[in-house]
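The exercises below are meant to be worked through with the sequence and the coordinates open side by side. Each one sets a task and then gives a solution in steps.

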Amino acid sequence: MAYYIGIDLGTSAAKLLLMDESGAICNIVAREYPLEFPKPGWSQQDPQHWRRALMTGVPELLAHVDAGKVRGIACAGQMHGLVALDENDQVIRPAILWNDGRTAAQVEYLNGVIGKKRLSGLTGNIAFAGFTAPKLLWMRENEPENFKKIAKIMLPKDYLTYKLTGVHACDYSDASGMLLLDVQHKCWSKEMLDICGIDESLLPRVYESYEPVGTLKEEHAKALGLSNNVKIAAGAGDNAAAAIGTGTVSDGDCNISLGTSGTVFISKDAFGTDGQNALHSFAHANGKYHLMGCMLSAASCNKWWMDEIIGTKDYAAEQKEITEEKLGENHVYFLPYLMGERSPHNDPSARAAFIGMSMDSTREDMTQAVLEGVAFGLRDSLEVARSIGVNPERTKICGGGAKSPLWRKIIANVMNMKVDLIESEEGPGYGAAILAAVGCGVFDSVEEAAKKLVKVTGTEEPDPELVQKYEERYQEFKELYPALKGFFQKKQA
């Protein structure tokens, strides 16, 4: 029996998953690490935490199996983060993460001066605060000495791949979110590199997600108790990997992720954009493409509300009093913009807000509003896809929030979509393990692997009466951000 390791390098923790060749999950190990918020809206992390999570997590993951039977490893990870190394392979500064909002001025320059039309023509996308290119401009303008030291630019999961193999590599799905890649033609954009003041030699070679990039370095093989013949596949950005892990690989397939961030991910065989670039047009981990709407705070909204405001870890108990007759009847609204927002508003100055409370509003109303606010935010992205004729009738769902039956029900009715539950909710880690298996030749393609390994265990069906109630609530929700946009921008100025 051969084994494959998938690593989900998340924002607050790394989750390591062991899969056997039949697709069964044999073990999961998690390692948490801290985030740094040195200024309001900033978010950064020390890459050494990721390396330690990997080096301490793998031995525990393999404690009860024959480590000599591990054949492949692949990493999935938080996208867009800027990891910069100097000529001695030392990390120059903490990685600037996907949910960092410090680059407002650089985004304005790229979208306003360079121009959205030109950016879309060069990369298939426009600038968002979390993307890597604006971070490079920020570093050049605010930390010029550090910028001059850069010898290698990489994304978070690729730092782990580099440490394991010594190979400076990336995959097309993750590279798509840098605003440096010509996504349609799958090559670095010379014009974008010139705009950012970097040479292509600083960037990695780009692979398909399932392609092997190298094998384990001898020192790491010994430290981890593995063979140095273990193949390391290129891996994928977390959302593309989650789509693989949920079987979202055919044209028009949809996956909703309720993790720290939230996404609506729609697999496409051909490259295409919406007219306003409100959705990301990225390469998929199966060698094709996808459209994706990303909101920066999803399950993290509920975590913030539960942990920091209410002060409880018993999420299920807080949701227990939100009975079915309360759905679609809530007059409290929540704007889920704790870290600004990406799709479709592209506004790092946006902030969260509760609206509509009265003297009879309850704790349960507020909790329900948080769950509904995230669902409405995801619906915003789905509406953009629908506006260009992409209208999936059903979706898979994954991420921590997907464990909540109540949240799944709200999602199904807000979206008016069938929500398919899958046997494994470990989207990115499971997808990475599948990519490792494909890279080792166990399957001929990602599609074949997904078809054989991913199993639907149930479906949440929308209720027509509840769909109508949520349609009315959603139309009211849509009025809130435009009404507050000027206030948000004034406060952040």
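**Exercise 1. Backbone exceptions**

Is Asn277 buried or exposed? Place the residue in the chain, and then examine two further backbone exceptions in this predicted model.

*Solution.* Begin with the accessibility: the relative accessible area of Asn277 is 6%, and since buried means under 20%, the residue is buried. Next, locate Asn277 in the chain, where it belongs to the loop between β17 (262-268) and β18 (280-283). Then read its backbone angle, for which phi is near 55°, a positive value in a residue other than glycine. As background, most residues other than glycine have a negative phi, and most peptide bonds are trans.

Asp89 can be treated in the same steps. Its phi is near 65°, again positive in a residue other than glycine, and it sits in the loop between β6 and β7. With a relative accessible area of 26%, Asp89 is partly exposed.

Finally, turn to the peptide bonds: the one from Ser343 to Pro344 is cis, with omega near -5°, and Pro344 is found in the loop between β20 (333-335) and β21 (353-355).

**Exercise 2. A charged pair and a charged network**

Work out which parts of the chain are tied together by the salt bridge between Glu143 and Arg93, and then follow the salt bridges around Lys157.

*Solution.* The structure holds 25 salt bridges, and one of them is formed by the side chains of Glu143 and Arg93, with an N to O distance of 2.7 Å. Glu143 lies in the loop between α3 (132-142) and α4 (144-149), while Arg93 lies in the loop between β6 (83-85) and β7 (95-96), so the pair ties together parts that are 50 residues apart in sequence. Checking the surroundings of each partner, one finds that Glu143 is buried at a relative accessible area of 18%, and that Arg93 counts as buried at 10%.

For the second part, start from Asp174 and Lys157, whose side chains meet in a salt bridge of 3.0 Å, N to O. Asp174 is in helix α6 (residues 172-175) and Lys157 in helix α5 (residues 156-165), so that distant parts of the chain, 17 residues apart, are linked. Both Asp174 and Lys157 are buried. Salt bridges with shared partners then join Lys157, Asp158, Asp171 and Asp174 into one network.

**Exercise 3. Two helices**

Test whether the length of helix α12 agrees with its residue count, and then describe how α12 and α5 are covered.

*Solution.* Helix α12 covers residues 363-387, which is 25 residues; at 1.5 Å a residue it should span 36 Å, and the computed separation of its end C-alpha atoms is 36 Å, which agrees. Turning to accessibility, 20 of the 25 residues of α12 are buried, and the helix is mostly covered. Just after α12, Gly389 takes a positive phi of about 85°.

Helix α5 is likewise mostly covered, with 9 of its 10 residues buried; among them are Pro156, Tyr159, Leu160 and Leu164. Just after α5, Gly166 takes a positive phi of about 80°.

**Exercise 4. Nonpolar cores**

Which residues have the most contacts inside the largest nonpolar core?

*Solution.* This core has 76 residues, and those with the most contacts inside it are Met19, Ile150, Ile153, Leu180, Trp188 and Ile198. Its largest share, 8 residues, comes from helix α14 (residues 427-439). Leaving aside residues up to four places away in sequence, Ile198 touches Leu136, Phe147, Ile153, Leu180, Leu193 and Leu203. A second, separate core has 54 residues, including Met295, Ile310, Ile397 and Leu480.

**Exercise 5. Empty space**

How many cavities of 30 Å³ or more does a search of the whole structure find, and which helix supplies the largest share of the lining of the second largest pocket?

*Solution.* The search finds 2 such cavities. The largest cavity has a volume of about 80 Å³, and of its 14 lining residues, Ala129, Gly130, Leu296, Glu341 and Pro348 lie nearest its centre.

The second largest pocket has a volume of about 700 Å³. It is lined by 29 residues, of which Gly101, Ala104, Asp347, Pro348 and Ser349 are the closest to its centre. Both α2 (104-123) and α17 (480-492) supply at least two residues of this lining, and the largest share, 7 residues, comes from α2.

Key
Residues numbered from 1 in each chain as written. Predicted model: local features only at pLDDT ≥ 70, side-chain atom pairs only at ≥ 80, totals over all residues. Heavy atoms only, no water. Core = buried A, V, L, I, M, F, W, Y, C linked by side-chain atoms within 4.5 Å. Buried < 20%, exposed > 50% of the residue type's maximum accessible area, 1.4 Å probe, protein only. Helix = DSSP H or I, 4+ residues; strand = E, 2+ residues; numbered from the N terminus. Contact = heavy atoms within 4.5 Å. Salt bridge = Lys/Arg side-chain N within 4 Å of Asp/Glu carboxyl O. Expected span 1.5 Å × (residues − 1). 1 Å grid on protein atoms, 1.4 Å probe; cavity = no way out; pocket = protein on both sides within 12 Å on 5 of 7 lines; lining within 4 Å. Points joined across faces, edges and corners; volume = space filled by probe spheres on them.
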